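Please find below a short note prepared for a colleague who wishes to read the model alongside its sequence. The points are numbered for ease of reference.

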Amino acid sequence: MTKKRIALIRYSPDYFMPFGRGLEAAGFEVYWINALKSDARALIQAEVSTSQWLDTTEDFDPDAMPLSECRARLGALERAVEGPRVYDIILMDRHLRKKSTEFAIRYLAHIERVVTEYLTRNRIGLVSSGRDSALQLLTMLVCRRLGIPWVVPTRARIPQELYGFCSRHDTEGLIRFRNVTPEDHAWAAAFLDQYKNKALRPALKKSARGFLDVLQLLPAHARVFAYELGKSLIDKGNDYARYTIPTLVAMYLRRRLNMLTYKLAPPYQTPGAAPFGLYALHTQPESSIDVVGSYYSDQIGLVRTIARSMPATHELYVKIHPSDVDGKTTGFYRELRDIPGVRLIGHQIDARELLSRVSIVFALSGTIAYEAGLLGRPVITFARNYFNALPTIRHCATPAELSALIDAMLDQPAPENLQELLTEFLAELRVCCLDGEVNRTYGTSTSALKESDLDTLRQAYSALAQQLACG
């Protein structure tokens, strides 16, 4: 029997080798495409054949291809397929956007060349990827040109331990595995009842919200630094696809300084008496905003746009993210607080209590928008999300339409059959999702995938290969 061929884009072998072995057990030939020499070293140590992995940095020479040819290759790719532009991809990538534009163009042209050649030569039939890096996003465009299905595992977030697959760099349009059954509707109704009774909450990353948390997280952070230090000895010279040790140290110290200033002079205000809309700040950098949010990823700019569009009868509450308290400077918070109509509120204020009183919620891809939608509150999103299908959520494509959209949603009551529509949405979500996790690393917390996770993943990718008619 001919084996199905799958390529994994930027899956760290240190963590995902059991996943790769599981796919092999399910009848796949697994190929690895990464951007770190340390990952290549790990694959060699795991005795993966050199023909079954590609280190995209191996023969990268920024001066090997004339800049005009680099631009021509990338321009041809942009014109051939639907998707984000190359400059958009550069800005989405947390490392590449800090390099010069010329370097970024040369690197992406190199990726386009070597990935196209590798996928073609090995007759890859399915590509599984994340949506965090330029390598993953450019590979998506290459796959579209070659006609190769490209999928990205996507957590449902609510409920936890549930995930599906998208074929885009945003989360719109989860892939359906089967038809809806009466059991799915029963599951949806039971979950909705649980959720409304506050029995279920989204998972939050482990993070420091005070100096006691900093001390408690020190051992975990020390392990992360030690791990990255070991890899850095192999990846020396690569500052375009990884954080260097000096950068990581500077980031850590900056967050501790942010925490100190945050505690000495709390920037947030108390809630007021006027009706309000709500925008919850995102952790950043993160693909949920930098990639999925794209054009709206400048959060101060987005808050200004929302504030400009709010009616004078309402304030706009901007809530500090509980997992990113020290991720922003006091200058960032002050700039938000100084925007007319904006009230900056602390992370400690209960989100569910706010949602019970809010007039309208604004979000990119944040879970709070999904929560609000499940509670039947009006929501406007600025990104393409699977939960935009909820009955009280609307997507805003351009700033010019925002004022009218706010007025329309403030004036429009929730549908009379809201419960029925919510149940139908959740039942549809259920048939697009599987139980378990694709990755059990949360911030500083890392645990291996369970055997049940691996078993479900084997079944999921076998079903995807059959459904998408992969070779």
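**Notes on the predicted model**

1. L278 has V361 of strand 10 as its bridge partner. The model in which this pairing appears is a predicted one. The pairing belongs to a wider match between strand 7 (residues 276-280) and strand 10 (residues 360-363), which run parallel and are joined over three bridges. In general, the strands of a sheet pair through backbone hydrogen bonds, in either the parallel or the antiparallel sense.

2. Strand 7 and strand 10 sit within an open sheet of six strands, whose order is 9-8-7-10-11-12 and whose pairing is parallel. Strand 9 and strand 12 form the edges, each pairing on one side only. On average, neighbouring strands of this sheet are turned by 25° against each other, with direction ignored.

3. Helix 12 lies across strand 8 and strand 9, and runs at about 145° to strand 9. Which residues of helix 12 (residues 330-337) are buried? They are T330, F332, Y333 and L336. These residues lie on the same side of helix 12 because they cover an arc of only 155° around the axis. As a general matter, an α-helix has 3.6 residues a turn, so residues three or four places apart point the same way.

4. The cover over the buried residues of helix 12 includes two strands, strand 8 (315-319) and strand 9 (342-345). Helix 9 (245-264) and helix 11 (299-309) are also among the elements that cover them.

5. N385 is placed in the loop between strand 11 (379-381) and strand 12 (393-395). N385 counts as buried because its relative accessibility is 2%, where the cut-off is under 20%. A polar atom of the N385 side chain lies 2.9 Å from the backbone oxygen of L364. Setting aside residues up to four places away in sequence, N385 touches T171, E172, V292, L364 and S365.

6. Q52 also deserves a comment, being found in the loop between helix 2 (37-45) and strand 3 (53-55). Is Q52 buried or exposed? At 19% relative accessibility, Q52 counts as buried, since the term applies under 20%. The side chain of Q52 has a polar atom 2.7 Å from the backbone oxygen of V30. Apart from neighbours within four places in sequence, the contacts of Q52 are V30, Y31, W32 and Y118.

Key. Residues are numbered from 1 along each chain as its sequence is written. This is a predicted model: local features need pLDDT of at least 70, side-chain atom pairs count only at pLDDT 80 or more; totals for chains, interfaces and linings use all residues. Side-chain values use heavy atoms; hydrogens and water are left out. Buried means under 20% relative accessible area, exposed over 50%, partly exposed in between (1.4 Å probe, protein chains only). Helices (H or I, at least four residues) and strands (E, at least two) are DSSP runs, numbered from the N terminus. The arc is that of the directions from the helix axis to the C-beta atoms. Contact means heavy atoms within 4.5 Å. A polar contact is a pair of N or O atoms within 3.5 Å; within protein, one must be able to donate a hydrogen and the other to accept it, and residues adjacent in sequence count only if both atoms are side-chain atoms. Two strands pair if DSSP finds at least two bridges between them. Axes are lines fitted to C-alpha atoms, for helices over the stretch in contact, and angles run from 0 to 180 degrees between N-to-C directions.
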